[in-house]
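Please look through the model below before reading on, with the sequence alongside. The paragraphs after it move from the overall fold to the metal site and then to the interior.

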Amino acid sequence: MIRMLMWLLLIYIGYRVVIALTTGKKPAAGNRDAASDAAATYQDPVCGMYVSEEDAVIGKLEGQRHYFCSMACLEKFREQLDHKP
Ligand SMILES: [Zn+2]
């Protein structure tokens, strides 16, 4: 009985170590930052300008994220959506 508990404890510790290693290698937040630093430019659908995520005005329209260079472009895009049939 004690041997069995020892095995369970070992398996549990092994499991914890694996979890720690796999999550330690890939920190979710750190990875996202690195990725967005590398190439996070979006094209403004109104004027065609490229904007970085930091500078962009982000509009959530029709369940999708759109990136604009300015509020003016966001407003124009919203107007275009309103005039769609
Ligand atoms: Zn624009």
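What follows is a guided reading of this structure.

This is a predicted model, in which local features need pLDDT of at least 70 and side-chain atom pairs count only at pLDDT 80 or more, while totals for chains, interfaces and linings use all residues. Residues are numbered from 1 along each chain as its sequence is written, and side-chain values use heavy atoms, with hydrogens and water left out.

The protein chain holds three helices and four strands, where helices (H or I, at least four residues) and strands (E, at least two) are DSSP runs numbered from the N terminus. Along the sequence these elements follow the pattern α-α-β-β-β-β-α. Of the 85 residues of the protein chain, 16% count as buried; buried means under 20% relative accessible area, exposed over 50%, and partly exposed in between, with a 1.4 Å probe and protein chains only. Taking contact to mean heavy atoms within 4.5 Å, among contacts between residues at least 6 apart in sequence, 17% join residues at least 24 apart.

The metal site comes next. The zinc ion is coordinated by the OD donor of D44 and the SG donors of C47, C69 and C73, at 2.0 to 2.3 Å. Donors here are N, O and S atoms within 2.8 Å of the metal (3.2 Å for Na, K and Ca), and since water is not among the atoms, sites may look incomplete. The spacing of the donor residues in sequence is D-x2-C-x21-C-x3-C. The arrangement is tetrahedral because the four donor atoms subtend angles of 98 to 120° around the zinc ion, the criterion for four donors being that all angles lie between 85 and 135 degrees. Two of the ligands contrast in their exposure: D44 counts as buried because its relative accessibility is 1%, whereas C47, at 44%, counts as partly exposed.

One of the zinc ligands, C73, is also among the buried residues of helix α3, together with L74, F77 and L81. Seen down the axis of α3, these buried residues fall within an arc of 100°, so they line one face of the helix; the arc is that of the directions from the helix axis to the C-beta atoms. On the other side of α3, D82 and H83 are exposed. What covers the buried residues includes strands β3 (57-61) and β4 (64-68).

Which residues make up the largest nonpolar core? It has seven residues, namely V57, L61, F68, C73, L74, F77 and L81, a nonpolar core being a set of buried Ala, Val, Leu, Ile, Met, Phe, Trp, Tyr and Cys residues joined through side-chain atoms within 4.5 Å. The elements that give two or more residues to this core are β3 and α3, and α3 gives the most, with four residues.

Contacts around the core can be followed from single residues. Leaving aside its neighbours within four places in sequence, L61 is in contact with H66, F68, F77, R78 and L81. H66 itself lies in strand β4 and is buried, with a relative accessible area of 17%; beyond its neighbours within four places in sequence, H66 is in contact with V57, I58, G59, L61 and F77.

The loop between β3 and β4 contains E62, whose phi is near 50°, a positive value in a residue other than glycine. Most residues other than glycine have a negative phi. At 66% relative accessibility, E62 counts as exposed.

How values were computed: Four donors count as tetrahedral if all angles lie between 85 and 135 degrees; four count as square planar and six as octahedral if opposite donors are over 155 degrees apart and all others between 65 and 115; anything else is irregular.
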